[in-house]
Amino acid sequence: MFTIREYKRAASLEEAYTLSQNRSNVVLGGMLWLKQQNRSVGVAIDLCDLGLDTIEEMEGSFSIGAMVTLRQLELDPKLNAYTHGMIAASVASIVGVQFRNVATVGGSIFGRYGFSDVLTAFLGLGASVELQGTGVMPLDDFIQMPHQRDLLVRIILPKGDLRAVYLSQRNTKTDFPVLTCALCSRNGKVSCAIGARPQRAMLALGADGFDADFTPQSAAAFGDFIAQNISTGTNLRAGAEYRIQLARVLSKRAALLLSAQGEKACK
Amino acid sequence: MQVSINVNGRNITADIVPDLMLLDFLRQHGCKSVKRGCDTGNCGLCTVFMDDRPVLSCSTLAARAQGHQVVTLEGLQEEARDFGVFIANQGAEQCGFCSPGLMINAIALFRENPNPTDEDILTYLAGNLCRCSGYEGQMRGIKAYLAFQHAKAEEVL
């Protein structure tokens, strides 16, 4: 059973951070996953009055507030123009519109859930996170850290010459993914994140050794490379070996789509 | 704690416990169209409008709705009745338990995209589960309603 003793709308980030240091207190995101837990919360800290529900485009980056909903990510024209629709593709299969109007990007990223499409997409895009206590750090480092009592303020998405593709495999529509793949090329450097392994998303080290202009042969070699350089596990949705095969296929397909994006841009 | 929420155009001020969900708040105040289905955010039965966006009331704290405008099917009488006829004509409501959530989300779709393709409809309504109809009747009802609305608009022109 999930209970809350006190609900508090934080008046400032400092107040929210101070409150969050108490072990029984929790910072609220969309509450969709939190509510499923058997937990007694002391103070539920709501950030909804802090103006963290906007997506801002700056000169060298996008700044995405922690309270931005997944639906906002899906519909934001500038963000999706920049990512070639990759952000919208990454959230489109998450339950339904009414769910995505409630779920927040901060909740998805801070929770570092293994099943998270959002985590995989932003990891592949080379995002950073801004934490109230710790400051700014690469998302890749944040993912590998143990959970700490901090407060996610925003996600920072660096801009550059970008190509981006997101693919996922699900056993059934709207279910958690069995495997996710975010393949990007920023300023010519290839990065590939694989998620729902079912562990937290990870970057495939060495992906930057590949040229973003994939041929059918190099895309197949890339698929083999990804399959050899990620680790997977077994849960009720799929086995570890099946996930390796999926990683091989999805990364190969993503490589061909990434290449096609480059050709389209040239035309 | 005390909250003040505008429900179907009426301001309701009430003392609530901090973990009261919007779903329970609405039902306590007479909005019985709002149904509890899975209670895990997956079925869409509890969908209501909050500031014109469809949200899951089973996963939204009533405290978070403080100062917002909430609209349930009770607040959409005319729009809901018009659309409901088309759903009923196709036998798509069957047990009817999922119908209020479906109708709220379908109305959200019509407002956002008045000319949806079949794929747009399926995608938008993916979060509304129905265990009776197999969705075919709902699709027929939605398409018939849209065709009727478009014909009506053309008549006006």
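A pocket here is an open set of grid points, on a 1 Å grid over the protein atoms alone, with protein on both sides within 12 Å along at least five of seven lines. With that in hand, let's walk through this predicted model.

**The pockets**

The second largest pocket has a volume of about 420 Å³. Its lining counts 21 residues, and those closest to the centre come from both chains: A:C48, A:M67, A:T69, B:M50 and B:R53. The largest pocket holds about 1100 Å³ of space. Here 49 residues form the lining, with A:W33, A:L34, A:G107, A:G111 and A:Y113 nearest the centre. In chain A, β2 (26-27), β3 (39-46), α6 (105-111) and α7 (117-124) each bring at least two residues to this lining, and α6(A) gives the most, with five.

The table sorts the two linings by residue class.

| Lining | Nonpolar | Polar | Charged |
|---|---|---|---|
| Largest pocket | 24 residues | 18 residues | seven residues |
| Second largest pocket | six residues | nine residues | six residues |

**Where the chains meet**

How many residues of chain B are in contact with chain A? There are 29, and they touch 28 residues of chain A. Together the two chains bury about 2200 Å², 53% of it on carbon and sulfur atoms. Three salt bridges are counted between them. A:D46 forms a salt bridge with B:R64, with the closest N and O atoms 2.8 Å apart. Polar contacts across the interface join 14 residue pairs, both partners being at pLDDT 80 or more.

On the side of chain B that touches chain A, β4 (53-56), α3 (99-112) and α4 (118-124) each supply at least two residues. The largest share, four residues, comes from β4(B). By class, this side has 13 nonpolar, eleven polar and five charged residues.

Note on methods. Residues numbered from 1 in each chain as written. Chains lettered and ligands numbered in written order. Predicted model: local features only at pLDDT ≥ 70, side-chain atom pairs only at ≥ 80, totals over all residues. Heavy atoms only, no water. 1 Å grid on protein atoms, 1.4 Å probe; cavity = no way out; pocket = protein on both sides within 12 Å on 5 of 7 lines; lining within 4 Å. Points joined across faces, edges and corners; volume = space filled by probe spheres on them. Nonpolar A, V, L, I, M, F, W, Y, C, P; charged D, E, K, R; others polar. Contact = heavy atoms within 4.5 Å. Buried area = accessible area lost by both parts, 1.4 Å probe. Salt bridge = Lys/Arg side-chain N within 4 Å of Asp/Glu carboxyl O. Polar contact = N/O pair within 3.5 Å; in protein donor to acceptor, adjacent residues only side chain to side chain.
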